[in-house]
There are 2 protein chains.
Amino acid sequence: MTAYAVIMAGGSGTRFWPLSRAARPKQLTAILGPSTMLAATVARLQPLFPPERILVVTTATLAEATRRELPMLGAEQVLAEPLGRDTAPCVALAALHLAARDPAASLVMLPADHVISPVDGFQRTLRAALAWAARGQLVTVGIRPTHPATGYGYLQLAEPLPDEHGCQAWRVARFVEKPDRARAEQYLASGVYRWNAGIFAWSLPTLLAALARHCPEIVETLRPAVAAGEAALAVAYERLPRISIDYALMERAEGIIAVDAAFAWDDVGSWDALYEHLPADSAGCRTRGRALAIDSRDCLLIAAADAPDLVAVRCQGLSVVATRDAVLVIPRGEAQAVKDAVEVLRRQGRGDLL
Amino acid sequence: MTAYAVIMAGGSGTRFWPLSRAARPKQLTAILGPSTMLAATVARLQPLFPPERILVVTTATLAEATRRELPMLGAEQVLAEPLGRDTAPCVALAALHLAARDPAASLVMLPADHVISPVDGFQRTLRAALAWAARGQLVTVGIRPTHPATGYGYLQLAEPLPDEHGCQAWRVARFVEKPDRARAEQYLASGVYRWNAGIFAWSLPTLLAALARHCPEIVETLRPAVAAGEAALAVAYERLPRISIDYALMERAEGIIAVDAAFAWDDVGSWDALYEHLPADSAGCRTRGRALAIDSRDCLLIAAADAPDLVAVRCQGLSVVATRDAVLVIPRGEAQAVKDAVEVLRRQGRGDLL
């Protein structure tokens, strides 16, 4: 059975402003390392999913930039959603496209903007997930929690299943929404909860049958539009609900299988999260680009290639991010407030900076 | 008697890095307001000293930039010192030049980079100082202390003299070096101390006689060199001591007169000092250029015309200064450490930023 990787690359968040922009969101930005997160995601799939078996779904406004970023993919391998409608329509669109080409295939679905290592553990996990998918299961990848995170959904595990490729599998008792701190600590201590990382595997027949059962309006709206072309798709998307694949399908379906991830994972959701991924100097300062921390402690200093040099003197616990046209200064731990800055700039008509 | 203004414009400090640079020090930078501090100093002298009666002394490396900045002055009105040797050689050089042209003239000597207002009080004070100078006195301007500053020299006053142009004059008991905090508080409370602002007035015959008496090596070295031209001046400067006019002359001479300043004065010696001169928003943030303070308190945000936009979110008590090629972040109250940053950059071979 052939397997495809479908990369969800439609994100348009503002949490990495000013490095990421509306026209160049996180997945198209080199937040970490030398390449964009999207290119790193494609590279991480090699050789398990050669380029011809990768599909990328993004929004129409980002399609051209996404195709430029992935020259190893044919233009038709980057699907453009007319509108962002969260992940359920994205999954359905990809499934309908693949079904027209290879109706018995399997697929793994994964986000474009996560940090994952090591690659061999990642690929082994995907092999395990595909093995379960090939047996007609709805499969998700579970990340063993390392701290009582309140920003992720969780999977509650039920009985263990035989492992595949060295990855323990479990029946999933239920999907759990983002918990409060006390509950997150219980989950962490119990050992039977996993983070829901948004990485899934299904065979196409299983996926399409499950979509038809649990969210029929999405498949019924999209199926004729995919056949009819771009204009019909735009009309169809206007009518679709904004809903995640977790909520539309995985939380509703019975008998989900979770495969334990054989890799470390982070969705790197903010400047504060990025700090953890960079090497520190002896005073806990972490820099990228031409940035200099003098008598400073625990600072994150990021200078884009075309930005001014950054110099922090006697600073403590600050994040500073410089680009050619904007500089952000914000205390570490406050990174969720970056969106406030973006909102103020929007209201002031400074779309040129967004 | 004709009076000239001599502006000392040879400063090369680094305290306003990254806005000021080696090739564009504080006096050639628009730290406050739309024009450079040097141009503002020339403007503040009008109409009391029309351009043809102004002399500017700077170092050879800054002479061209200084002449460009002051197109209303003839090129010969900008004197270039081959080397910076503090203010005593600077005063002697200006005095010898003026004596060759108008030996009976008087002069006021003043720095190029101070903030002074109002202009009418300033000019009235200079008139008073020149009136005393015309009677053959060595005259300094005293600033009534507003706080127990430890960064300035002080004048201790003796008996009062008749006022001139509404400015009280005093005999000076002595010049005092920068005091410690306890002594500065005593000086402030006593009412008989003034800050020494480095603004002086003399007639040329009085000044040259006093220089010949108190620091003859300077005048004797310079007099033949001024007559002989540029190469001789370079040789002479190599042999001159680095010494201030306060130390070489004013602290040694008897019978100094101090005139009370009828203006507010600040030498604006750092980013911290600049903060006091800018209008504050409701949260105490002060900005210049395209800079935005969001949920921030007591910050100084300075963006040069060609700098990226500055955005500070939830920051407190920070100074941030952005230019096209460098961004400085430093807590307020730490501005004296800017020199550390400059020194590190110098050691790293980043002269391009200095």
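Is C167 of chain A buried or exposed, and what is its relative accessible area? In this predicted model, C167(A) is buried, with a relative accessible area of 1%. Across all chains, the structure holds 0 disulfides. C315(B) is likewise in no disulfide, and the nearest cysteine sulfur, that of C299(B), lies 5.4 Å away. Because a disulfide requires a pair of cysteine sulfur atoms within 2.5 Å, this distance of 5.4 Å does not meet the criterion. C315(B) is buried, with a relative accessible area of 3%.

Helix α1 of chain A, which spans residues 37–44, is mostly covered, with 6 of its 8 residues buried. The buried residues are M37(A), L38(A), A39(A), T41(A), V42(A) and R44(A). These buried residues pack against strands and helices of chain A, namely β1 (3–8), β2 (54–59), α2 (60–69), β4 (106–111), β5 (115–117) and α4 (119–134).

An open sheet of 6 strands, with mixed pairing, follows the order β12(A)-β14(A)-β16(A)-β17(A)-β15(B)-β13(B). Its edge strands are β12 (286–288) of chain A and β13 (291–294) of chain B, each of which pairs on one side only. From one strand to the next, the twist averages 5 degrees. At the chain A edge, β12(A) and β14(A) (residues 300–303) run parallel and are joined by 3 bridges; within this pair, T287(A) stands opposite L301(A). Helix α11 of chain A (residues 338–347) lies across β17 (326–331) of chain A together with β13 and β15 (309–313) of chain B. The helix runs at about 130 degrees to β13(B).

How values were computed: Residues numbered from 1 in each chain as written. Chains lettered and ligands numbered in written order. Predicted model: local features only at pLDDT ≥ 70, side-chain atom pairs only at ≥ 80, totals over all residues. Heavy atoms only, no water. Buried < 20%, exposed > 50% of the residue type's maximum accessible area, 1.4 Å probe, protein only. Helix = DSSP H or I, 4+ residues; strand = E, 2+ residues; numbered from the N terminus. Contact = heavy atoms within 4.5 Å. Pairing = 2+ DSSP bridges. Axes fitted to C-alpha atoms, helices over the stretch in contact; angles between N-to-C directions.
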